[in-house]
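Visitor: Could you take me on a close look at the aromatic rings in this protein, and then show me what lies around them? I am in my first year, so please go step by step.

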Amino acid sequence: MLALEEAEPLSRKAYRELEEAVGPENVSEEPGVLDGYAWQPTFNISPESWADRPAAVVLPGSTEETQGVVRACNAHGIKFKAHSTGWGIFNACMSGSVILDMRRMNRIVEIDEKNMYAVIEPYVSGAALHAELTRRGLNCHIIGAGAGASPLASATSGWGNSWDSIYMSYSPRNVLATEWVLPTGELLRLGTLGQEGTWFSGDGPGPSLRGLMRGWCGAMGGIGVFTRVAVKIFNWPGPAEVTDDGLLLDFDPPIPDNFRMFMAVLPDSKAFADALYKIGEAEVGYMSAKNSIGMLMAAAMPHLLRKLPEAPMLVRMLDAFHYQFQHILAGNSGRELAYQEKTFRRIISDHDGFLLDLGDTPLGPLIFWGLVKSSMPPLIFRMGGQFTNFCGFDESWDAMVRTAEDGEKIKRKWIDRGGLLEDLADNAWMLPQEDGMFAHAEQLVLYDPRDERQMKLLPNALANGLLSAISNCQYPGPMGINPQVRQLLSPMMSYYNHWTKKFKNALDPLNVADDIAYTSEEVVDEIGMDLAELELDLSPDELVRLVTDRMGVMTPPRGLTLEPGLSGREDSGAESPASNSRGGKGGTDGTA
């Protein structure tokens, strides 16, 4: 086992105050326990798969206990970071921070069937909320990370896209009233909760703080702790309970009578985009996404996918399904379902596509329930053990199609070099949101962390994706939370990190909320990527000119000075009590 960097122990006085806040049985600084929180292989492309070890872990059981922990951290200048289910490197902390593991706060506080919202605590999973709601003819949005993820976390602090977004939108748009422990330990209640004690709205009266609370991808624990939130819930026209003896790939009860599931295949990118625009305008869809053929094979048939390079004819045949997507229709009556199906078939036909009725295939029920219950995401690890992504953001369908095609070209180059696993290169996860008003896409990257060559080339492949996004004026997706990437991108995007730091400083004057995945920056020159390995269409001089030109579009805010090739440094003044507790590697995912 790799020896981890030892965090400086907490003072005995600080540790006793944490015990007083949550009880001695809910605090630990045992190395074995702490290592469990430092093991973060997902989205961590470091060969060791470790992040920095926290100084201690606490398990608050209520909002009041959470406030007590945060106040103790303020009193002793200790950084803290909370997480719900803790999945992914963005849950890692700086060395010496205290982790708040919110697993004791696992209650569904309220389900308001009339006003269509549910109030939940941090450790309620998507699976638990879904199971409780479907008994009442209701459903909830579950993000693509899977049913084990926390709806509160994605609503307040992270991303939130999924197959159901065509009908149920995505997490940033589903958050309502919120209970928020600020970095000072004060309690802030957003929306109607702060006005009259109800949960139905997250805004007003007056200016809303929702944008400051979470923005596009949330603060990843960098601005306090969210202890309760109300989220929108939606109609479920299916059965109240579903029973079957199987698990995952063996779970296949029949598709309910008032649902239909299809795979639509279009001839080219234009027909693909245009058809999905029309489907959105017609408002016929309960779930919809392009789960690429490479993704489906990696999940269900990884051994066959590994053998594809030996079968070029099969590869060409599968390429005919390049522009396809899976689509679920749901009707509250037979007549409504018939209308939706007729409309959907007409749109696909008008765009020279064809339909496969997945309900008539052996895999249909498996895929249907895998999407409805969001139980399929763990299968992405079957192929090589790990995955990451790049070129992921939210925009129009036309923009999503372009970014998917750009990502496919980049991946093909690195697959052929042995830097990534073979997944047909086209492994873009694409989905419409709010009836196609906008869309999401990200290019999935499969790799084997035991393969030395892949671990050597993977950072360069991701850097290639980042530079492609910059050249096309696109956001690079989740890698944007990396401190090095954040420093590079900020001056290209209205100096957003300058303003988020100002906001954080106002809420967190002692700088105790761990901001490794929120506002911290690292010098881009330390990335260490090999430009010769990238084989870009740009020369090194042209690359520097591109980055410099992108940075020069916006005028720096007053008080911010630029250094050549960097996003600029601000004079932060005197150090806060917690400013020296930052570790060297925790929380970064190693991407360029």
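Guide: Happy to! Let's start with a ring that has a charge for company: the charged end of arginine 417 sits over the ring of tryptophan 414, at 4.4 Å from the ring's centre. A similar arrangement involves arginine 12, which lies over the face of tyrosine 15, 5.1 Å from the centre of that ring. Please keep in mind that you are looking at a predicted model.

Now to rings that meet other rings. Searching the whole structure turns up 23 aromatic pairs. One of them joins phenylalanine 43 and phenylalanine 90: their ring centres are 5.8 Å apart and their planes make an angle of 35°, so this pair is called tilted. To be called tilted, a pair has to fall between stacked, under 30 degrees, and edge-to-face, over 60. The two partners come from distant parts of the chain, 47 residues apart. Phenylalanine 43 is in the loop between helix H2 and strand S2, while phenylalanine 90 is in the loop between strand S3 and strand S4. Are these rings buried or exposed? Phenylalanine 43 has a relative accessible area of 11%, so it is buried, and phenylalanine 90 is buried as well, at 14%. The cut-off behind that word is under 20%.

Next, find phenylalanine 321 and phenylalanine 354. Their pair is edge-to-face, with 6.4 Å from centre to centre and 75° between the planes. Phenylalanine 321 belongs to the loop between helix H13 and strand S14, and phenylalanine 354 to strand S15, so the pair ties together parts 33 residues apart in sequence. Here the surroundings are more open to view: phenylalanine 321 counts as partly exposed because its relative accessibility is 23%, and phenylalanine 354 counts as partly exposed at 42%.

Rings can also gather in groups. Ring pairs link Tyr167, Phe234, Trp236, Phe259, Tyr286, Phe368 and Trp369 into a cluster.

Let's step back to the setting of these rings. The protein has 21 helices and 18 strands, and 60% of its 592 residues count as buried. Among contacts with a separation of 6 or more, 73% are between residues 24 or more positions apart.

One sheet is worth tracing with your finger. Its 5 strands follow the order S5-S6-S10-S8-S9, the sheet is open, and the pairing is antiparallel. Strand S5 and strand S9 are the edges, each pairing on one side only. On average, neighbouring strands in this sheet are turned by 10° against each other, ignoring direction. Between S5 and strand S6 there are 4 bridges, and isoleucine 111 stands opposite alanine 118 in S6. Helix H4 lies across S5, S6 and strand S10, at about 35° to S5.

Our last stop is alanine 441, in strand S18. With a relative accessibility of 1%, alanine 441 counts as buried. Leaving out residues up to four places away in sequence, alanine 441 touches Cys391, Gly392, Phe393, Met400, Thr403, Trp429 and Met430. Its C-alpha atom is 9.3 Å from that of asparagine 161, although the two residues are 280 apart along the chain.

Terms used. Residues are numbered from 1 along each chain as its sequence is written. This is a predicted model: local features need pLDDT of at least 70, side-chain atom pairs count only at pLDDT 80 or more; totals for chains, interfaces and linings use all residues. Side-chain values use heavy atoms; hydrogens and water are left out. Helices (H or I, at least four residues) and strands (E, at least two) are DSSP runs, numbered from the N terminus. Buried means under 20% relative accessible area, exposed over 50%, partly exposed in between (1.4 Å probe, protein chains only). Contact means heavy atoms within 4.5 Å. Rings of Phe, Tyr and Trp (its six-membered ring) pair if their centres lie within 6.5 Å; planes under 30 degrees apart count as stacked, over 60 as edge-to-face and the rest as tilted. A charge sits over a ring if NZ of Lys or CZ of Arg is within 6 Å of the ring centre and within 35 degrees of the ring normal. Two strands pair if DSSP finds at least two bridges between them. Axes are lines fitted to C-alpha atoms, for helices over the stretch in contact, and angles run from 0 to 180 degrees between N-to-C directions.
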